[in-house]
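Me: Could you take a close look at the charged side chains in this model for me? I'd like to know how they pair up, and what surrounds them.

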Amino acid sequence: MYRAQQLNGGIRVPTRRPASHVNEIILRSLDIIVGVVALILFAPLLIALGIAIYITSPGPLIFAQPRIGRNGRVFRCLKFRTMVVDATERLEHLLATDPAARAEWARDHKLRNDPRITPLGRFLRKSSLDELPQFFNLINGTMSIVGPRPIVSAEVVRYGRRFNDYCRVRPGITGLWQVSGRSDTTYRRRVALDVTYSRHRSLGLNIKIMMMTVPAVLAAKGSR
């Protein structure tokens with residue numbers, strides 16, 4: 001048996017990792033099964049949301065952003081588009097003219113009052129429905145059900161020497177950060193949670209996090 005340690009989020013994780021090869025096969029099989037089942041069940045919702053985005057905001061339905069994946073490989077992380085099409089230009093202008101927004105962006109790479117987000121996009125983010133297309137990432141193996149949130153290249157420096165821990169596992173649709181407050185936590189805390197998961201990844205831990213994800217999403221805990 002493995003001894004366990006208690007995290008602030010209420011999750012107990014083993015102090016040693018189980019056998020990695022068998023663990024990897026089991027977790028990857030679970031990813032594929034969940035991904036296929038989820039896409040079948042959510043197909044009507046995916047279509048409805050796509051239509052809603054098309055009607056309310058001109059531009060592509062899906063936003064495919066380059067993110068850092070396992071072993072440091074770059075992949076396209078899929079989301080429903082929640083921002084205006086000129087989001088990059090708006091962000092650059094905001095950061096150039098608003099010192100407070102610039103400081104907030106430098107601290108967390110997020111903005112509490114982000115002018116780039118559409119009204120529908122705000123709802124999609126609050127409900128986490130914008131992340132439904134990531135089930136395609138789940139099936140193609142670029143993401144896992146549970147893992148660190150995929151980061152952009154500009155965030156690598158925030159991990160420092162802990163970046164190797166991030167790269168050991170696939171980024172996740174959900175994870176310790178998502179069930180521990182998300183954007184209500186500091187970035188330093190986020191990195192610590194990612195490192196903890198990477199070092200103690202197991203089927204049991206994944207199941208615990210998946211079970212805690214549902215109430216966290218329903219409560220919109222830390223979502224922006």
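Reply: A salt bridge here is a side-chain nitrogen of Lys or Arg within 4 Å of a carboxyl oxygen of Asp or Glu. Keep in mind that this is a predicted model. With that cut-off, the count comes to nine salt bridges. In general, side chains of opposite charge can pair when their charged atoms come close.

Let's start with a pair that fits the definition directly. Arg90 and Asp86 form a salt bridge, with their closest N and O atoms 3.2 Å apart. Arg90 has a relative accessible area of 35%, which means it counts as partly exposed. Asp86 is at 30%, so it is partly exposed as well.

Asp165 and Arg168 make a mixed case. Their closest N and O atoms are 2.3 Å apart in this salt bridge. Asp165 counts as buried because its relative accessibility is 3%, whereas Arg168, at 42%, is partly exposed.

Now for a pair that spans the chain. Glu24 forms a salt bridge with Arg201, and the closest N and O atoms are 3.0 Å apart. Glu24 sits in helix α1 and Arg201 in the loop between α8 and α9, so the link joins distant parts of the chain, 177 residues apart. Glu24 and Arg201 are both buried. They don't act as an isolated pair either: Glu24, Arg70, Arg170 and Arg201 are linked in a network of salt bridges.

Ser202 shares that loop between α8 and α9. Ser202 has a relative accessible area of 9%, so it is buried. A polar atom of the Ser202 side chain lies 3.2 Å from the backbone nitrogen of Leu205.

Then there's a charged residue without a partner. Arg67 belongs to strand β3, residues 62-68. Which side chain of opposite charge is nearest to Arg67, and how far away is it? That would be Glu155, at 4.8 Å. The cut-off is 4 Å, so the pair doesn't qualify, and Arg67 ends up buried with no salt bridge. Arg67 does have polar contacts, though. One joins its side chain to that of Gln65 at 2.6 Å, and the Arg67 side chain also reaches the backbone oxygen of Pro150 at 2.5 Å. Skipping neighbours within four places in sequence, the residues in contact with Arg67 include Arg73, Val74, Phe75, Cys77 and Lys79, along with Pro150, Ile151 and Val152.

Cys77 on that list is itself buried, as its relative accessible area is 2%. Cys167 is buried too, since its value is 9%. A disulfide is a covalent bond between the sulfur atoms of two cysteines, and a search of the whole structure finds zero of them.

Next, the nonpolar surroundings. In soluble globular proteins, nonpolar side chains tend to be buried together. The largest nonpolar core in this model has 26 residues, and those with the most contacts inside it are Leu49, Phe80, Leu124, Leu132, Phe135, Tyr197 and Ile209. Two or more residues each come from α1 (20-56), β4 (74-80), α5 (134-140), β5 (144-146), α8 (187-200) and α9 (203-218). The largest share, five residues, is from α1. A second, separate core has nine residues, among them Ile68, Phe163, Tyr166 and Val191.

Phe135 is a handy place to see how α1 meets other parts. Apart from neighbours within four places in sequence, Phe135 is in contact with Val34, Gly35, Ala38, Leu39, Phe42 and Ile173. Gly35, a residue of helix α1, has 0% relative accessibility and therefore counts as buried. Beyond its own sequence neighbours within four places, Gly35 is in contact with Phe135, Leu138 and Ile139. The C-alpha atoms of Gly35 and Leu138 are 5.8 Å apart, although 103 residues separate the two along the chain.

Stepping back to the whole chain, there are nine helices and six strands, and buried residues make up 47% of the 224 residues. Among contacts with a separation of 6 or more, 70% are between residues 24 or more positions apart. The Glu24–Arg201 salt bridge, at 177 residues apart, is one such long link along the chain.

Terms used: Residues are numbered from 1 along each chain as its sequence is written. This is a predicted model: local features need pLDDT of at least 70, side-chain atom pairs count only at pLDDT 80 or more; totals for chains, interfaces and linings use all residues. Side-chain values use heavy atoms; hydrogens and water are left out. A nonpolar core is a set of buried Ala, Val, Leu, Ile, Met, Phe, Trp, Tyr and Cys residues joined through side-chain atoms within 4.5 Å. Buried means under 20% relative accessible area, exposed over 50%, partly exposed in between (1.4 Å probe, protein chains only). Helices (H or I, at least four residues) and strands (E, at least two) are DSSP runs, numbered from the N terminus. Contact means heavy atoms within 4.5 Å. Lys and Arg count as positive and Asp and Glu as negative; His and the chain ends are not counted. A polar contact is a pair of N or O atoms within 3.5 Å; within protein, one must be able to donate a hydrogen and the other to accept it, and residues adjacent in sequence count only if both atoms are side-chain atoms. A disulfide is a pair of cysteine sulfur atoms within 2.5 Å.
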